[in-house]
There are 2 protein chains.
Amino acid sequence: VLAALLNGVPIVDATHGVDAEDRGLQYGDGLFETMLLSAGAIRAFDDHLARLRAGCERLHIAMPDSDLVAQEIGALTRSCRNGIVKLTLTRGAGGRGYRADPALHSTRLLALYEFNPEHGPTPIVARWCTTRLARNPLLAGIKHLNRLEQVLAQNEWRDDAIAEGLMLDIEGELIGGTSSNVFAVTEGALCTPDLRFSGIRGVMREQVLRAARALGVAVEERALWPHDIDNASEVFVTNAVRGIRPVTALGEQRWPVGAMAHRLADSLRLW
Amino acid sequence: VLAALLNGVPIVDATHGVDAEDRGLQYGDGLFETMLLSAGAIRAFDDHLARLRAGCERLHIAMPDSDLVAQEIGALTRSCRNGIVKLTLTRGAGGRGYRADPALHSTRLLALYEFNPEHGPTPIVARWCTTRLARNPLLAGIKHLNRLEQVLAQNEWRDDAIAEGLMLDIEGELIGGTSSNVFAVTEGALCTPDLRFSGIRGVMREQVLRAARALGVAVEERALWPHDIDNASEVFVTNAVRGIRPVTALGEQRWPVGAMAHRLADSLRLW
């Protein structure tokens, strides 16, 4: 990490840290956003704030003032033009036991990481993960801190040539990559899992869907299964930091870098 | 909190805290144990260590040396005879991204809380929670840090007269209380959910099952449903800190403090 702010105050060394009773640590009781800092600005900042707000409403955590967050990100990134900014928001520190004191003040943690975005398409090799995702509509869509399934999934492989793993839920439905959303092009339509039971509504996913609709592309948010990938003419994954990455190999399957990914990346000025 | 040790070092104030990059905070990537300190000793310490070890194996986290843990608990509780000791073990601090560096050192956090155990049966009023538990055999049974479902369930009610909420999984199967395991006595048999998809294998649950078998009681670990509670002659909940608590009211239902709870509490010297 290059720099970090805890409730707006710089963390100067490792011993000045997060309260040991923080509920983020005790229970994963909180949310996070991973944002791209590009040419001195956060890409899709309003979309990140909107998802954070949706998560706060679902978990009944007070949403921090967005001007304050913007101001703290400004302070954090003053001497940096490109990188990753991670915001962690927890319900706050205090007490033992699952029930939260409603008077708790939430904890804001902002951290800046080095990152140099690639330009142009970055075709990737993906794999199927054996770790499955649980189903719970109450937690689906939001970017909460309960991420053991993704941790276990990413630890299934160590081969750096494989950039992403696709995950199914416990019923075998396709949900997405370990840290990305997935899109499949089938007969000209852009299909992506509807995430009604599992998964995260990625900020780039929402941008891609909006861009596709604006371009007049048929969009299907629905249940997808592995055979929908088998039958796709084009597959790509998205996330807020890495944008759109075409999947060109998955197991025995091969695809070209497709026209849909190009059109969407052009429209969103990603490549 | 009365006192806390972070990797064996006393936490002297709130600014000397946990590394902001700890994976426990980032992803709930870790485990915990909540233990009763009674008359200067941890009750069922070996069972707590055994469950922690099972969790470490499942999550591929290095199990800390048990003598070290015992020694640190001794230091933490030196001037205290009764209380609650909470051990939190995370995969360690470092990096961004779900994949863990295998060279990470795990983080041990020990905290001591005030608690005075009750003597004799403590009959409780329970309720049904609307928050459901997801199913994932990979995470079932162990006491990991991904606990948003329990947080949301306990925040469903604020009435202090209701001591526990019973939770179903998303298929409607009974799993347990928000912070306890549940037992139902039906035609003389002691029944408890098998926890194959969800829930935590409580240390007191294991002790109760062992005690019941030693007493020659018929024991059934199986799928339970709400109607199994409706039809039970006796219901109680268990956890490591509060032992066995008879449920005497749940919605419209009423039960007496039953003979099975008494026999098991006697056998385990709980009351």
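User: Where should I begin, and which residue's side chain is joined to that of Arg127(A) by a polar contact?

Analyst: A polar contact of 3.0 Å joins the side chain of Arg127(A) to that of Glu156(A). Bear in mind that this is a predicted model. Arg127(A) lies in strand 7 (residues 124-128) of chain A. Leaving out residues up to four places away in sequence, Arg127(A) touches Glu156(A), Trp157(A), Ile162(A), Glu164(A), Gly165(A), Leu166(A) and Leu250(A).

User: How are chain A and chain B related?

Analyst: Chain A can be laid on chain B by a turn of 180° and a shift of 0.0 Å along the axis, with an RMSD of 0.0 Å. The two copies are therefore related as by a two-fold rotation axis. The same surface serves both copies, as 100% of the contact residues of chain A recur in chain B.

User: How do I read the size of an interface?

Analyst: Interface size is often given as the accessible area lost when the parts come together. Here, about 5200 Å² is buried between chain A and chain B, and carbon and sulfur atoms give 60% of that area. Tyr98(A), Arg99(A) and Leu148(A) supply 17% of the area that chain A buries against chain B, more than any other three residues. In terms of contacts, 63 residues of chain A meet 63 residues of chain B.

User: How many salt bridges and polar contacts are counted between the chains?

Analyst: The count between chain A and chain B is 0 salt bridges, and 25 residue pairs are in polar contact. Several elements give two or more residues to the side of chain A that touches chain B, including helix 1 (23-27), strand 6 (107-113) and helix 4 of chain A. Helix 4 of chain A gives the most, with 6 residues.

User: Where, then, are salt bridges found?

Analyst: The structure holds 32 salt bridges over all chains. In chain B, Arg205(B) forms one with Glu206(B), the closest N and O atoms being 2.8 Å apart. Arg205(B) is buried at 0% relative accessibility, whereas Glu206(B) is partly exposed at 27%. Arg222(B) has a salt bridge to Glu220(B) at 2.7 Å, N to O, and another to Asp228(B) at 3.7 Å. Asp228(B) is buried, with a relative accessible area of 11%. In chain A, salt bridges that share partners join Arg135(A), Asp169(A), Glu173(A), Asp194(A) and Arg196(A) into one network.

User: How do I read a helix, and which residues of helix 2 of chain B are buried?

Analyst: An α-helix has 3.6 residues a turn, so residues three or four places apart point the same way. Helix 2 of chain B (residues 45-59) has 15 residues, which at 1.5 Å a residue should span 21 Å; its end C-alpha atoms are 21 Å apart, which agrees. Its buried residues are Phe45(B), Asp47(B), His48(B), Leu49(B), Arg51(B), Leu52(B), Gly55(B), Cys56(B) and Leu59(B). They pack against helix 4 (148-154) of chain A and against elements of chain B, among them helix 3 (66-76) and helix 5 (203-214). Just after helix 2, His60(B) takes a positive phi of about 60°.

User: Is Ile229(B) buried or exposed?

Analyst: Ile229(B) has a relative accessible area of 0%, so it counts as buried. Ile229(B) is found in helix 6 (residues 226-230) of chain B. Apart from neighbours within four places in sequence, its contacts include Trp128(B), Leu174(B), Val182(B) and Trp255(B).

Note on methods. Residues are numbered from 1 along each chain as its sequence is written. Chains are lettered from A and ligands numbered from 1 in the order in which they are written. This is a predicted model: local features need pLDDT of at least 70, side-chain atom pairs count only at pLDDT 80 or more; totals for chains, interfaces and linings use all residues. Side-chain values use heavy atoms; hydrogens and water are left out. Copies are superposed by least squares on the C-alpha atoms of residues with pLDDT of at least 70 in both. Contact means heavy atoms within 4.5 Å. Helices (H or I, at least four residues) and strands (E, at least two) are DSSP runs, numbered from the N terminus. Buried means under 20% relative accessible area, exposed over 50%, partly exposed in between (1.4 Å probe, protein chains only). The expected span of a helix is 1.5 Å times one less than its number of residues. Buried area is the accessible area (1.4 Å probe) that two parts lose on being put together, summed over both. A salt bridge is a side-chain nitrogen of Lys or Arg within 4 Å of a carboxyl oxygen of Asp or Glu. A polar contact is a pair of N or O atoms within 3.5 Å; within protein, one must be able to donate a hydrogen and the other to accept it, and residues adjacent in sequence count only if both atoms are side-chain atoms.
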